[in-house]
Amino acid sequence: MTIAPVQRTATTAWTDARLILALEEVVETELNRHLKAAKEWMPHEYVPWSRGRDFDGVLGGEAWSLDQSKVTPLARISLVVNLLTEDNLPSYHHEIASMFGREGAWGTWVHRWTAEEGRHGIAIRDYLLATRAVDPVELERARMAHMSEGFESDNAHSMLQSVAYVAFQELATRIAHRNTGHHSGDELCDQLLAKIANDENLHMVFYRNLLKAALEIAPDQAMRAVADVVLNFRMPGHGMPGFERSAAQIAIGGIYNLRIHHDDVLQPVLRHLKVMEITGLGPVGQHAQDELGAFLDGLNAQATRFDERQAALLARRAAAAAARA
Ligand SMILES: [Fe+2]
Ligand SMILES: [Fe+2]
C-alpha cells in the first residue's frame with residue numbers, strides 16, 4: 001500500500017485575498033475571545049486631575065517648567081515616544097483597514113482595535129498635561145510634525161507580513177509601556193501604563209493566534225513572512241523627530257533595547273508558536289526557518305555585546321555621580 005503525500009496548496013496559490021478569506025473564521029473566534037477578555041476601563045479615572053491647572057497663553061495660567069513633575073528624565077523621553085507612536089493611529093487604521101478590509105469579522109476587529117488604541121493616546125496625553133510632565137508646546141509641535149509625515153508600514157505589500165509584524169509589535173509596545181511605567185518614578189504613571197500594557201497584550205494574543213493559524217494553512221509563506229519581519233523589525237515610531245537619540249536613551253535606560261527585544265518580544269512569540277520546531281516545510285519555508293535561526297543567534301550575540309556596553313556605561317555614570325556627591 002502506498003501512502004499518498006499530504007496535499008498542500010501550492011505557495012503561489014495563497015494570495016492575500018485568499019488568505020483573508022481562509023482566516024475569516026479564526027478572526028471571528030479570536031474577536032469573540034478578545035471581546036470577552038477585554039474589560040472596559042475609563043481613561044479619565046487614571047489621570048490625577050487635581051495636579052492640573054491652567055497653562056499660560058489664552059487662559060493666563062502658569063507656564064510649564066521642568067521642575068513641575070517628578071517623572072524621571074528617562075520616563076519623560078519614553079512617554080513622549082510612546083505617545084507620539086499612539087498618536088499616529090489614523091495612519092495605522094488606514095493601513096490595516098486597507099489590508100484587512102472593513103467587512104465582516106475583520107472589519108469589526110479593525111474598528112474595535114482602533115477604538116482601543118485611541119484610548120491609549122487620550123489617557124497618556126491627559127496624564128502628561130495634568131501632571132505637567134512634558135513641555136506641552138514641544139509635545140504639540142512634535143505631534144504635528146510626526147502625524148504630518150504619516151506612517152507607511154514596511155509590510156503593506158503582504159498580508160502575512162502585516163500579521164507577523166503586529167504580533168511582535170504589540171508585544172514590543174506592551175513591554176515599552178510597562179517598563180516606562182516602572183522607570184517613571186510616579187506610581188500613578190506606572191498604574192496607567194500597566195493598564196495600557198494589558199490592552200497591548202490582548203492585541204498581541206489576537207495577532208499571535210492569527211499567525212498560528214496562518215502557519216498551519218500556509219506554512220511556507222507564513223514562515224517566510226515571520227523571517228522577513230524578524231530580520232527587518234523596526235518600531236512604528238522610527239519616523240518621529242529625534243527618534244534615534246530617544247531610542248538610544250531608552251535602550252541604555254533599560255526600557256527597550258536589543259536584550260529586551262530578543263528575550264521578551266521575539267523569543268516568547270516564536271517559542272509559543274514553536275516556529276523553530278515546525279517540520280515538513282517546502283524549500284521556501286525551510287530556507288526562511290534556517291535564516292531565522294541564524295539571525296536569532298546573531299542577535300543574541302549582539303544583545304550580549306550591548307549588555308556589556310550598557311553595564312560599562314552605567315558603571316561610569318555611577319562613578320561620576322559618586323565623584324560629584
Ligand atoms: Fe496602544
Ligand atoms: Fe495595541
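R224, D228 and E291 are joined in a network of salt bridges, a salt bridge being a side-chain nitrogen of Lys or Arg within 4 Å of a carboxyl oxygen of Asp or Glu. The model is predicted: local features need pLDDT of at least 70, side-chain atom pairs count only at pLDDT 80 or more, and totals for chains, interfaces and linings use all residues. Residues are numbered from 1 along each chain as its sequence is written, and side-chain values use heavy atoms, with hydrogens and water left out.

Within this network, the closest N and O atoms of R224 and E291 are 2.7 Å apart. The pair links distant parts of the chain, with E291 in helix α12 (residues 283-324) and R224 in helix α9 (residues 219-231), 67 residues apart; helices are DSSP runs (H or I, at least four residues) numbered from the N terminus. The structure holds 13 salt bridges. Another of them joins R125 to D87, with 2.7 Å between the closest N and O atoms. R125 counts as buried because its relative accessibility is 17%, where buried means under 20% relative accessible area (1.4 Å probe, protein chains only).

The iron ion (ligand 1) has protein donors from E86 (OE, twice), E117 (OE), H120 (ND1) and E200 (OE), lying 2.0 to 2.5 Å from it. Donors are N, O and S atoms within 2.8 Å of the metal (3.2 Å for Na, K and Ca); water is not among the atoms, so sites may look incomplete. E117 coordinates both this ion and the iron ion (ligand 2), the two ions being 4.0 Å apart. Both E86 and H120 are buried.

Terms used
Chains are lettered from A and ligands numbered from 1 in the order in which they are written. Buried means under 20% relative accessible area, exposed over 50%, partly exposed in between (1.4 Å probe, protein chains only). Helices (H or I, at least four residues) and strands (E, at least two) are DSSP runs, numbered from the N terminus.
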